[in-house]
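Okay, thanks everyone, I'll keep this short. Let me put the structure up, and then we'll walk through a few parts of it.

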Amino acid sequence: MQVLISIVSLGVFCLLAEIFNLRKLLVPITVIGLLAILGISLNLWSTDNSLDTQFSSMIATTKFSSAFSTLFILLTIFLIAMSDDFYKDHQAKFSDFIAIKLFLLTGAIAMVSFTNLAMFFLGIEVLSISVYILAASERLDVKSNEAGMKYFLLGSFASGLILFGICLVYGATGYFDMGEIYDLSQGVGLPVWYPIGVALIIIGMLFKIAAAPFHFWAPDVYEGSPTLTTATMSTLVKVAAIATLYKLVSGFSVVLSLKVENIIVVISILSMTIGNIMALRQKNVKRMLAFSGISHAGFMLMAFLNIATAANNLLYYTFAYALAGISAFAVIIMVTKNKDNENIDNFNGLGKANPLMAAVLTASLLSMAGIPIFSGFFAKFMLFSDTMKVGYIIVVIAGVINSIISIGYYFKLVLAMYTKDFDNNEYKPTNYYTYGVVAVLSIVINIVIGIYPSLVTQLLK
Amino acid sequence: MEMNLAILLLLSPFVGFLFNVFFGKKVSKGFSGTIGTLTVVVSFLLSVCFFAQLNQNGKAFEFSLFDWIQVGNFKLNFGILLDQLSILWLLFVTGIGSLIHLYSISYMHDDENMHKFFAYLNLFVFFMITLVVGSNLLVMFIGWEGVGLCSYLLIGFWYKNQDYNDAAKKAFIMNRVGDLGLLIGIFILAINLDTINFTDLNAGVVALNKTGGNQALQWAALCLFIGATGKSAQIPLYTWLPDAMAGPTPVSALIHAATMVTAGIFMVTRMNFLFDLTPNVQHVIAIIGTITALVAAAIGLLQNDIKKVLAYSTVSQLGLMFLALGLGAYNVAVFHVITHAFFKACLFLGSGSVIHGLHGEQDMRKMGGLRKAMPITFWTMMISTLAIAGIFPFAGFWSKDEILMTAFHENKTLWIVASIASIMTAFYMFRLMYLTFFREFRGTEEQKNHLHESPSLITIPLVILAVLATIGGAINLPGSTWLNHYLEPILAGKHEEHHLGSTEYMLMGIALVGAIIGIVLAYSKYIKQAFVPKTDNEIVGFSKTIYNKFYVDELYTATIVKPINALSNFFRTTLEPALSKVVFSFGSVAYGLSSQGRKLQNGNIGLYLFVFVIGICAIITYLFIAQ
Amino acid sequence: MGNILNEIGIENYIFLSVLLFCIGVFGVLYRRNAIIVFMSIEIMLNAVNLLFVAFSTYHQDAEGQVFVFFSMAVAAAEVAVGLAILVSVFRNLGSIDIDNLKNLKG
Amino acid sequence: MNITTLLILLLAGAIVTLISGDKLASRVALLFSLVAFGFSLNLLFQFNQGTDISFVSNWIDNPKVAFALKADGLSMAMVLLTTALTPLIILSSFGNNFNNSKNFYALVLLMSFAMIGTFLAADGLLYYVFWELALIPIYFIALIWGNGDAEERKKAVVKFFIYTLAGSLFMLVGFAYLYSKAGSFLLEDLYKLELSDNEQFWIFFAFFLAYAIKIPIIPFHTWQAKVYQKAPTVGTMLLSGIMLKMGLYSVIRWQLPIAPNAAKEYMPILIGLSIAGVVYGSIVALRQKDLKKLLAYSSLAHVGLIAAGCYTLTVDGLNGAVYQMIAHGFVIVGLFFAAEVIFRRFETRKIKELGGIRSQASGFTSMFMILVLASVALPGTYNFVGEFTVLYSLSQVNLWFALIGGTTIILGAYYMLRMFQHTMLGETNTKVFAEVSLNETIVFVVIIGFLLFFGLYPKPINDLVNPAIKEILAVINR
Amino acid sequence: MSPILITFYFLAAITLATAFLTIYSKNPIHSAIYLIICFFSIGGHYLLFNAQFLAIVHIIVYAGAIMVLMLFTIMLMNLNKEDEVHKPRITRLGAIVVFVVMSIVLVTIFINSKTIVGEYDTSGEDFQSIKKLGNVLLNEYMVPFEYASVLLLVAMIGTVLLSKKEKPGK
């Protein structure tokens with residue numbers, strides 16, 4: 001709760017800062033503030049806090065929520081750090097952007113720590129609306145408008161679906177409180193509204209994580225949005241959605257009947273396959289990463305087949321995926337900053353022009369592809385291993401085949417960086433300081449948790 | 001003490017090899033040749049010592065240097081076995097080797113790579129000694145392959161000529177075909193007997209035969225024999241030997257006449273206890289040997305290259321030796337090996353002397369009348385020719401006669417065929433002599449002006465060998481069979497002595513008459529009719545077939561080499577890309593799907609929603625309606 | 001006062017809501033005018049709101065109605081943001097036909 | 001002191017090389033690799049003394065993964081092979097000038113590090129991590145410093161990477177399954193597993209895909225020739241000299257003991273496939289026009305024989321396979337180096353454009369000749385010891401296998417001598433061929449010396465490897 | 001058939017019809033007006049449930065705020081013409097099919113579900129007076145209530161951000 005309050009305060013402070021003309025200091029202050037909040041969050045980890053119990057019917061800090069909140073805050077720190085340079089041309093709106101990002105963070109945190117569906121719904125709406133805004137924020141760019149519009153229309157549709165689902169759950173149980181719902185769901189005699197409602201909520205969440213066949217928005221929106229927003233969507237938003245999905249699935253005690261498992265299997269395989277195969281022919285890096293994100297969603301869904309270990313595996317997977325994503329996007333933003341598109345050609349010769357950044361991008365792609373020692377490997381391995389334990393070898397095989405396909409497009413980028421010469425136009429290393437720092441930091445964290453996976457996997461112990 | 005001497009015996013040529021490899025270029029040619037020769041002489045002298053010692057106490061001498069390979073249930077040591085057989089071989093290998101080294105000092109003096117030549121020769125002697133003294137099949141195999149290597153190196157000694165290189169390669173590869181057979185034979189023995197030590201094998205083979213392992217033994221014997229056909233140039237693996245004449249003549253004398261090619265006979269003799277138990281294989285050996293003798297002799301009839309004639313003669317003689325082996329008369333075969341080594345080495349060296357005198361000319365059609373210019377060469381060669389033709393009392397007469405006699409007793413058909421081969425031998429050898437030394441010179445004027453007798457370093461070995469070719473038969477004269485007694489410890493089986501009865505005398509007479517017929521025929525054709533062989537393209541009919549060696553090489557090329565090359569080309573140009581394509585096709589499929597998928601992702605929100613709703617309906621239907 | 005649902009039956013409200021919701025979905029799919037699409041989404045949300053109130057009565061519980069307030073707030077926020085996006089689309093493209101939004105594809 | 005120090009040393013070497021700058025990089029790398037070699041000799045000494053040099057500690061709690069490095073004779077032999085070849089390979093590159101050489105040499109050391117890790121790992125996942133890790137450096141080495149047309153090279157290298165990775169991922173699935181059974185990745189726990197025949201089949205098959213591609217066994221070899229051709233020679237040496245052995249080593253260490261019944265059941269097919277590789281590789285090699293490609297196919301033939309030896313499941317087969325791995329590692333490095341030496345002077349690898357070198361460089365010719373002879377397993381070279389042992393083991397299984405496998409000594413001689421004849425012999429080449437330099441000579445001499453010495457006295461290696469093989473066989477036949 | 005049920009059917013018919021007409025009519029202004037009628041009918045439903053406060057809020061928010069906003073936008077864009085091109089026939093057909101399918105699916109599952117047998121609960125307590133709602137909203141639901149303000153704040157900033165013009169250059 002404290003975390004939520006302090007982030008909101010920080011957001012409001014940002015808005016006020018505009019008035020006091022603190023624009024230059026905004027990013028450092030916010031980052032420091034977030035770091036402090038991160039400290040608070042970590043400090044609250046084990047201690048029971050009174051404030052929390054007071055509102056326990058709405059929000060509860062659990063190990064699960066703390067762990068994910070930590071990840072969200074970390075990601076936001078990176079995202080905000082990059083904002084400094086990214087929104088240089090939008091001085092007038094600068095503080096708004098920062099504030100929206102902070103509010104977005106609160107949405108994400110609300111999503112993983114809710115105990116009441118009202119909080120969940122508001123959280124997801126705060127998150128979604130913030131992202132609609134960010135996606136459309138390049139108001140003079142048709143692509144950005146289109147992306148915002150598409151995301152908005154489809155997103156509202158999904159929100160309607162989620163709301164309908166909540167309604168049915170409420171109709172069946174008479175409660176919005178997760179604890180009560182959980183208790184009721186253990187017994188028998190709930191009307192069929194309950195499973196239908198749960199199914200609708202989960203479908204809505206599947207849309208948010210862009211799992212097939214609800215994935216169509218993702219590539220278009222990722223491509224059209226400003227790159228930093230794409231970074232936000234593909235890391236923070238996706239991670240928050242998947243964590244929430246887990247929380248819902250476990251909270252609603254969706255009994256994993258054969259049918260449900262079959263659906264998960266199908267969606268998981270479908271997402272992986274569609275994502276990877278479609279990514280093969282993409283020229284635009286953001287679009288490619290969008291498809292890659294779809295496939296990762298498929299991988300993460302795999303975790304739900306073994307619900308007992310899902311929390312741990314998802315936490316690790318999201319850490320690995322999001323950190324790799326952040327560092328990849330940091331490099332992408334840097335490289336495509338002064339270009340009018342994000343095509344792979346722009347990366348030609350990066351290996352020579354800026355070896356460090358090329359190495360970082362390579363590392364993050366390798367992590368996404370699941371090559372050891374990067375954490376992506378362990379993430380995938382844990383999924384495979386635990387899925388195997390419950391006997392779904394077919395999903396594992398599909399995952400393996402998809403991992404192989406994914407190399408095909410990840411390496412397209414690597415090849416461009418190392419084997420092609422850069423185009424005639426001179427490569428201008430703009431102020432890449434912050435991007436560089438962010439990229440390196442996040443990939444270092446990625447590698448560190450790759451070498452010591454226990455750092456993350458112990459969080460939920 | 002003996003052990004050290006044995007090691008010295010073995011390593012002495014190797015030291016020569018090392019010296020010539022590393023310092024040969026820095027010292028004068030003569031010095032390098034001298035070192036090369038001396039190291040072999042040392043070995044020879046040591047061999048003589050061992051021979052003397054063996055004669056005194058009659059005990060074989062065996063010791064192990066170090067553990068080598070460990071396979072299966074047995075350890076192979078790098079062991080040396082000096083018994084009657086190996087010492088006998090050592091004597092003539094190092095003895096003739098020394099002579100040929102000596103000869104080479106002069107013969108190769110003009111070659112810029114003389115030190116290498118001596119290095120290779122020394123290496124050869126080293127490997128040959130290894131082959132001979134190895135106490136188990138695998139050590140023998142080292143030598144076996146090693147001499148093959150040296151043969152390769154020396155045939156291709158003049159490496160700038162790719163034809164020579166081809167010949168060298170051919171020799172090596174055909175030898176390897178045999179080697180594979182040998183190796184398989186070793187495997188069969190090793191698997192069944194858990195040993196490949198010669199001394200243990202004997203007992204093992206006998207025991208195995210008693211317990212019903214004859215089948216395996218037969219296969220083993222057959223495989224070993226295949227090995228022997230490779231090294232000793234028997235059908236079907238003989239075609240490399242005539243080509244091997246591309247090497248310098250001393251090499252032909254040493255390797256391809258006197259020593260290396262007898263390795264097969266050595267090996268079969270070594271393993272006589274095995275072959276004695278496998279009569280079927282013995283029959284095969286005898287038949288193959290006889291056919292080889294006949295075919296090679298027939299080809300030899302019409303060859304014009306002086307060295308080729310000798311080469312086919314070698315093949316033919318080796319065939320006779322295998323005939324003897326096949327008949328179980330190992331001692332006879334060994335006897336012929338020794339005498340053959342004397343006269344064939346002499347013949348080759350003589351031909352080398354001729355070639356030397358003519359500055360590299362090898363075609364007999366361009367020789368003639370050299371008797372006057374090169375008297376020593378002529379006389380020594382004449383003696384050897386008489387020996388090989390089987391004229392009393394030269395060495396060849398005795399040994400060849402023994403073979404024919406054995407054949408007569410065992411199988412009349414083989415005897416007849418072998419006799420025909422002998423007659424042919426006499427014919428083509430005298431054809432060689434007549435064409436080379438008699439009548440007038442047919443070469444160029446310039447050659448004629450430079451005709452001269454070779455220097456003494458060349459003639460001395462010739463003389464020594466001629467002497468040996470004359471008296472060499474003495475070691476196993478009928479009645480005074482020293483060699484038979486000497487070899488008794490080695491040859492376990494019974495060997496009946498041919499008592500000199502009337503049959504034997506008659507056979508000797510027939511053989512002698514046959515040889516004389518051959519000589520007379522040659523005389524009438526090449527001296528009386530003054531016939532000179534036609535140029536290559538005038539030869540027609542059956543003689544063309546013979547002249548072209550029955551087209552065996554062409555047959556091999558067409559049935560083995562070409563198909564393999566064609567297969568290789570097929571694999572390289574068709575199968576490999578196809579396989580590669582299969583792998584790529586997975587990628588292509590994925591790419592194709594990707595292209596199709598992109599059409600679905602058409603940017604239309606309506607479509608996205610449509611699929612979205614369909615998805616919802618499908619899930620709900622599956623979960624709540626479908627049973 | 002008795003429960004009104006005794007007269008009507010909760011099923012009827014469910015069917016009404018479902019049909020309303022489906023009409024909303026239909027509108028989203030059927031029309032290309034973005035404003036009408038927005039309206040369709042509003043219809044969907046209202047269908048749910050209606051059901052909330054019905055369930056609230058069914059359970060005799062205030063929370064359902066409270067949730068409707070949140071739902072309204074969300075609807076309002078969405079509409080505001082949606083219209084803002086729509087306006088900027090209109091400014092750039094001169095049209096609010098969602099079928100014209102096809103720059104991003106493939 | 002234990003084996004982790006060796007790994008740390010190499011890793012440190014990679015880092016120091018990276019920061020030492022382009023000029024010093026090669027020498028720093030050589031220094032580190034030599035130190036590593038010395039160190040591994042010391043380890044060998046300790047190992048022979050019976051000192052415990054293994055290192056086991058917990059790494060990840062869930063899934064339970066241990067950082068377990070253990071050395072037995074087999075691992076030691078492979079480690080020594082790696083540490084001995086690495087300095088040679090580095091030294092062999094002294095004649096080349098690479099762009100960005102600090103990265104290059106760092107990658108070489110990194111690869112060496114990963115390979116040693118693979119050979120030592122006693123925990124399935126750790127092993128897998130090293131296994132994959134080894135792939136990355138070679139990918140970049142081949143991609144960036146390779147030769148030939150960039151597009152084709154890219155295609156070949158990417159194919160290689162994806163292909164090998166594809167195979168290993170199936171192995172990963174196999175490990176995941178094993179873990180779900182055993183609850184641990186530790187080698188000894190996996191050895192203890194009692195799997196049904198069906199399970200064994202699938203595990204074996206999953207592992208087989210990984211190894212068959214890595215080794216490679218036909219028909220999974222299609223990546224090989226192109227990559228060997230396109231990679232820089234250093235890369236080719238690393239690949240053929242050591243990396244292939246990772247696959248073969250893994251067959252012995254992981255595949256056979258974990259799924260012995262499957263190995264026994266399918267032995268004829270496995271051996272048949274391997275031997276088919278021998279014949280196929282030899283025949284394809286016959287008509288190759290490119291020196292490196294020819295050597296690549298020769299390598300295919302040789303490793304086919306080694307694989308056949310592994311799959312015989314006899315002491316001799318496994319022993320022989322190890323001998324042959326070591327021998328092949330040395331000889332192929334030497335042969336590729338010879339190709340490189342020629343390329344440095346003539347800038348071509350087309351056999352047709354070569355020839356007539358012998359008269360200009362007799363020293364080089366002799367050394368090349370010896371390597372060629374070693375590669376065709378002439379007795380007296382270590383290759384013979386290996387090949388003999390393997391063929392012997394094959395004949396124990398079935399004489400026909402030995403016979404068909406034995407054709408390698410004929411075909412091998414054919415293509416190698418043909419290659420030698422056309423590259424080295426013949427009329428003096430019009431281009432000038434400078435005699436080998438000191439650095440080059442050292443590389444050749446060390447390799448040749450090794451092969452000849454152990455060819456005559458293979459006992460030390462035998463004594464090192466044999467006990468380990470016997471232990472593994474005991475597990476196989478449990 | 002009780003009067004209440006008749007009222008329900010009447011209101012339901014209006015709701016569905018106007019909702020359908022909203023979508024079907026070509027002129028956006030007409031759509032908007034139909035939608036307002038639809039909202040009023042839904043308000044009628046609320047009144048039927050005796051949820052007066054909610055009904056009033058509903059009318060104020062939807063009819064008063066949201067629809068005005070929409071109408072305003074329609075006017076702003078000058079869209080009161082019937083110039084919208086229809087979607088391709090296939091798409092419309094698809095939309096109809098989806099509509100039918102989805103309705104059938106959803107209706108089917110709710111028909112399949114067990115119907116509530118017997119009387120509905122009547123607690124007799126007050127549960128939907130303004131007082132009660134206020135209590136629930138500001139006690140139990142205080143956090144979401146406050147959080148909704150963040151939501152609205154975000155929407156507000158966002159709208160501003162999306163519409164604010166920037167100085168060119170810089």
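I'll talk about how the chains meet, then one chain's domains, then a single helix.

First, a caution: this is a predicted model.

So, chains. There are 8 pairs of chains that touch, and the pair with the most contacts is C and E. On the chain C side, 66 residues take part, and they meet 68 residues of chain E. Which helices of chain C supply that side? You get at least two residues each from α1 (5-8), α2 (10-30), α3 (34-59) and α4 (63-93). The largest share is from α4(C), with 22 residues. If you sort that side of chain C by class, you find 45 nonpolar residues, 13 polar and 8 charged.

Chain D is another story. Chains C and D don't touch, and their nearest C-alpha atoms are 25 Å apart. Nor does any contact join D to E, where the closest C-alpha atoms lie 37 Å apart.

Staying with chain E for a second: it's divided into domain 1, residues 1-82, and domain 2, residues 129-170. Going by C-alpha atoms, the centres of those two domains of chain E are 24 Å apart.

Last stop, helix α11 of chain A, residues 227-251. Does its length add up, or what should 25 residues span? At 1.5 Å a residue they should span 36 Å, and the end C-alpha atoms are 35 Å apart, so the two agree. α11(A) does have a kink of about 30°, centred on A:Met233. Is the helix mostly covered or mostly open? Mostly covered, with 23 of its 25 residues buried. And just after α11(A), A:Ser253 has a positive phi of about 40°.

Key
Residues are numbered from 1 along each chain as its sequence is written. Chains are lettered from A and ligands numbered from 1 in the order in which they are written. This is a predicted model: local features need pLDDT of at least 70, side-chain atom pairs count only at pLDDT 80 or more; totals for chains, interfaces and linings use all residues. Two residues are in contact if their C-beta atoms, placed from the backbone, lie within 7 Å. Helices (H or I, at least four residues) and strands (E, at least two) are DSSP runs, numbered from the N terminus. Ala, Val, Leu, Ile, Met, Phe, Trp, Tyr, Cys and Pro count as nonpolar, Asp, Glu, Lys and Arg as charged, and the others, Gly among them, as polar. Domain bounds come from an automatic or database domain assignment. The expected span of a helix is 1.5 Å times one less than its number of residues. The bend at a residue is the angle between axes fitted to the seven residues ending there and the seven starting there. A residue is buried if 20 or more other C-beta atoms lie within 10 Å of its own, exposed if 12 or fewer, and partly exposed in between; C-beta atoms are placed from the backbone.
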